[in-house]
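Open the structure in your viewer and keep the selection tool at hand. The stops below say what to select next and what is there.

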Amino acid sequence: MPAAPSASGESRLALTAGIACYLIWGFVPLYFQAVAQAGPGSWEILAHRIVWSVPVAAVFVWMARQWGQVAGVFRQPKVLGWLLVSSLLIAVNWVVFIWAVNAGRVLETSLGYYINPLVNMAAGALIFRERIGRIGQIAIGLAVVGVALQALALGRLPLVSLALAFSFGGYGIVRKRVAADAQTGLFLECLLVGVVCLAYIAWLQQAGVGHFGDPVAAAWLVVSGPVTAIPLVLFAWAARRMPLSAMGFLQFMAPTISFMIGVAQGEAFDPLRMASFAFIWSAAAVFLWGAWKGTRPAAAAAASAAECSPVSFR
């Protein structure tokens, strides 16, 4: 019988999984730009992304042996209703992102995911009555200044950034209330809206404006399923096995990569916009410092417990 992996071995695997998911999310603008170059528009890409995520998510449910949990959710209308809400929120997030990266607004998507953790912090205080300390208040204040400077630089509110931050923040709030594991939740979210998406794809094909008949476009569209589901499952697996502070550092990898892609592709980056990102980066740094400072005692306790008990693979 093979020995169970050590705590340090599982920690390394969790770190690898966390880095992998954020690398995928960081470079995913290039993928959706390539899909759009093959012809499909944002809504068609979204529909295929959801439809092709269903079988991939089903594989993960099967691997986790959670079909019983899936069946149980169908017997709980309230849970199913919350999953429908979360599926609509993540669909909004996805279609805004797909449209933005193909409209020359990759920098705005980067800004959105930089401020998302701060939106989560504010939502925690307003909805879950969580206390925001002085460090958190400073981080939120810096982010507000950064968004204001971004609005001045653009000549309008950074609606893409705000839509991404608040839709994903809302998604996190709803999923926090739903009694379903990550694999089950993802499968049901994609399944619930996937029926409508499948009908939309069929209508596009029948109307002669769909792109699934083109082998190149079809290949890109089918791959959107794994590109969507795999990093989400990697994230869920890593998040359960890593300290909050470590995940906090990793979560800024994706918008940093997207930021570099936007700059490399020649998006406008004048001094005012640079100042905006400087405030956002300062807010992120303060947020991370606060998360690290707050989780040191918990991490020490977890490490002590890990030394005294075996760790199982799940």
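A salt bridge here is a side-chain nitrogen of Lys or Arg within 4 Å of a carboxyl oxygen of Asp or Glu. The model is predicted, and local features need pLDDT of at least 70, side-chain atom pairs count only at pLDDT 80 or more, while totals for chains, interfaces and linings use all residues. Residues are numbered from 1 along each chain as its sequence is written, and side-chain values use heavy atoms, with hydrogens and water left out.

**The whole chain**

Start with a cartoon view of everything. The chain has 12 helices and zero strands; helices (H or I, at least four residues) and strands (E, at least two) are DSSP runs, numbered from the N terminus. Of the 314 residues, 45% are buried. Buried means under 20% relative accessible area, exposed means over 50%, and partly exposed lies in between, with a 1.4 Å probe and protein chains only.

**Helix H1 and a nonpolar patch**

Select Leu15, Ile19, Leu23, Phe27 and Leu30, and show their surface. Together these residues make a nonpolar surface patch of about 390 Å². Patches are made of residues with over 30% relative accessible area and no salt bridge; nonpolar side chains (Val, Leu, Ile, Met, Phe, Trp, Tyr) are joined within 5 Å, and like charges within 9 Å. The areas come from the Shrake-Rupley method with a 1.4 Å probe, and for residues only the protein chains shown count as cover. Leucine 15 sits in helix H1, residues 7-37. Its relative accessible area is 39%, so leucine 15 is partly exposed.

**Helices H2 and H4**

Next select residues 42-64, helix H2, and residues 77-101, helix H4. Their axes are 9 Å apart and the two helices pack at an angle of about 135 degrees, which makes H2 oblique to H4. Axes are lines fitted to C-alpha atoms, for helices over the stretch in contact, and angles run from 0 to 180 degrees between N-to-C directions. Angles under 35 degrees count as roughly parallel, over 145 as roughly antiparallel, 65 to 115 as roughly perpendicular, and the rest as oblique. The crossing of H2 and H4 is right-handed. A crossing is right-handed if the near helix is turned clockwise from the far one by less than a right angle, and left-handed if anticlockwise.

Stay on H2 and select tryptophan 52, which is in this helix. Tryptophan 52 has a relative accessible area of 27% and is partly exposed. Now add alanine 229: the C-alpha atoms of this residue and tryptophan 52 are separated by 9.2 Å, although the two are 177 residues apart along the chain.

Then move to arginine 65, in the loop between H2 and helix H3 (67-74). What is the sign of phi at arginine 65, a residue other than glycine? Phi of arginine 65 is positive, near 55 degrees. Arginine 65 is exposed, at 77% relative accessibility.

**The salt bridges**

How many salt bridges does a search of the whole structure find? The search finds three.

Select glutamate 108 and arginine 105, whose side chains meet in a salt bridge at 3.7 Å, N to O. Is glutamate 108 buried or exposed? Glutamate 108 is buried, with a relative accessible area of 2%, while arginine 105 counts as partly exposed at 24%.

Keep glutamate 108 and add arginine 156; their side chains form a salt bridge at 3.3 Å, N to O. Arginine 156 lies in the loop between helix H6 (134-154) and helix H7 (159-177) and glutamate 108 in helix H5 (residues 106-127), so the pair ties together parts 48 residues apart in sequence. Arginine 156 is partly exposed, at 32% relative accessibility.

For the remaining stop of this kind, select glutamate 189 and arginine 175. Their salt bridge has its closest N and O atoms 3.2 Å apart. This pair links distant parts of the chain, with glutamate 189 in helix H8 (residues 182-206) and arginine 175 in helix H7, 14 residues apart. Glutamate 189 is buried at 3% relative accessibility, and arginine 175 is buried at 15%. Returning to the earlier selections, salt bridges that share partners join Arg105, Glu108 and Arg156 into one network.

**Two last selections**

Select phenylalanine 187, found in helix H8 and buried, with a relative accessible area of 8%. Valine 61 is 7.4 Å from phenylalanine 187, C-alpha to C-alpha, and 126 residues away in sequence.

Finish at arginine 131, in the loop between H5 and H6. Arginine 131 is exposed, with a relative accessible area of 78%.
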